[in-house]
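User: I'm new to this one and keep tripping over the labels people attach to residues and helices. Can we go through them and see what each label rests on?

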Amino acid sequence: PGGVIADRFGRKRTIVLGTILQLVGVLFMAISHNIPLFVTGVFFYGVYWSLCNGATQAMMYDHLRKDNRQHEYAKHQGSVNAFSYLGAGIANIGSGFMAHYWGLRMPYLLSIVPVSLALLLALTLKRDTPDREATRPRLRDYALVLIATLRRNPITAVFSAQIVLGLFVFLTICEFGQVFLLSYHISDIQLGLLWAVDAGVVALGLQLAHRVQRFPWQTTAIY
């Protein structure tokens, strides 16, 4: 829904709101002493991800479209996501060492610094004003367009199903995989290094994904 909200209220507003919620989520997780408080932080963090993910993608597409370069969207979006995971991998290494030597709360506390910097950067973005005179599509209209697109393009439906199932598996591994690893008494440093390897592989895949976008069925088989 981030893209829909960005269309209605503007890209900058959506990104700023999302980043504020990210900061709130990190603060909740950093100060949490019980599960409900931590889950509240995770909730805010999830809303941030949904808002900013859609808004930043829409902003990039708008920027490329102004220069008639929208055909390069997949390439640039892949690079953005790749660098995001690359940064996550570096942070995973650092967080493993910090958790080992200074405690599990320290990575959350230190995360406040880059999130605050991200908020300052978001505030410097050029403000975009939504066209309030234009007819705004409702959420139902977006849903109808999505259904029509899936019916016209079976390959899109296949990819959508793959993404949903892939996210389900990925999130399951993320959440329960850590518990599984901890059962082997793995250290915080080793856990951070493993997540860094995972992020590095994902970053490489995202950086190269646009190169095979002309071969959808082959891509499907690889996926």
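User: What makes Q22 count as buried?

Analyst: This is a predicted model, and in it Q22 has a relative accessible area of 9%. Buried means under 20%, so Q22 is called buried. It lies in helix α2. Leaving aside neighbours within four places in sequence, Q22 is in contact with Y45, Y48 and V115.

User: And why is W49 called partly exposed?

Analyst: Its relative accessible area is 46%. The label covers values between the 20% and 50% cut-offs, so W49 is partly exposed. You'll find W49 in helix α3, which covers residues 35-66. Its C-alpha is 9.7 Å from that of I15, and the two residues are 34 apart in sequence.

User: How do you know that N68 is exposed?

Analyst: Exposed means over 50%, and N68 has 56% relative accessibility, so N68 counts as exposed. Its place is in the loop between α3 and α4.

User: What is the phi of N68?

Analyst: It's positive, about 55 degrees, although N68 is not a glycine. Most residues other than glycine have a negative phi.

User: On to helix pairs. Why is α2 called roughly antiparallel to α5?

Analyst: Their axes cross at roughly 165 degrees and come within 9 Å. Angles over 145 degrees count as roughly antiparallel, so that label goes to α2 and α5. Their crossing is left-handed. Among the residues making the contact are I15, Q22 and L23 of α2, along with V115, L119 and A122 of α5. By class, the contact has 17 nonpolar, four polar and two charged residues.

User: What makes α3 oblique to α4?

Analyst: Helix α3 and helix α4 (residues 73-102) pack at an angle of about 140 degrees, with axes 10 Å apart. The antiparallel label needs over 145 degrees, and roughly perpendicular stops at 115, so α3 is oblique to α4. The crossing is right-handed. On the α3 side, Q57, M60, Y61 and L64 meet Y73, H76, Q77 and V80 of α4. Sorted by class, those contact residues are five nonpolar, three polar and no charged.

User: Why is α4 roughly antiparallel to α8, then?

Analyst: The axes of α4 and helix α8 (residues 188-209) cross at roughly 175 degrees and come within 8 Å. The cut-off for roughly antiparallel is over 145 degrees, so α4 gets that label against α8. Their contact has 16 nonpolar, nine polar and one charged residues.

User: How do you know that α5 reaches close to its expected length?

Analyst: Helix α5 runs over residues 105-123, which is 19 residues. The expected span is 1.5 Å times one less than the number of residues, so 27 Å is expected for α5. From first C-alpha to last, α5 reaches 28 Å, close to that value.

User: Which residues of α5 are buried, and what covers them?

Analyst: P107, V115, L119 and A122 are buried in α5. What covers the buried residues of α5 includes α2 (11-31) and α4. And V115 is one of the residues in contact with Q22, where we started.

Key:
Residues are numbered from 1 along each chain as its sequence is written. This is a predicted model: local features need pLDDT of at least 70, side-chain atom pairs count only at pLDDT 80 or more; totals for chains, interfaces and linings use all residues. Side-chain values use heavy atoms; hydrogens and water are left out. Helices (H or I, at least four residues) and strands (E, at least two) are DSSP runs, numbered from the N terminus. Buried means under 20% relative accessible area, exposed over 50%, partly exposed in between (1.4 Å probe, protein chains only). Axes are lines fitted to C-alpha atoms, for helices over the stretch in contact, and angles run from 0 to 180 degrees between N-to-C directions. Angles under 35 degrees count as roughly parallel, over 145 as roughly antiparallel, 65 to 115 as roughly perpendicular and the rest as oblique. A crossing is left-handed if the near helix is turned anticlockwise from the far one by less than a right angle, and right-handed if clockwise. Contact means heavy atoms within 4.5 Å. Ala, Val, Leu, Ile, Met, Phe, Trp, Tyr, Cys and Pro count as nonpolar, Asp, Glu, Lys and Arg as charged, and the others, Gly among them, as polar.
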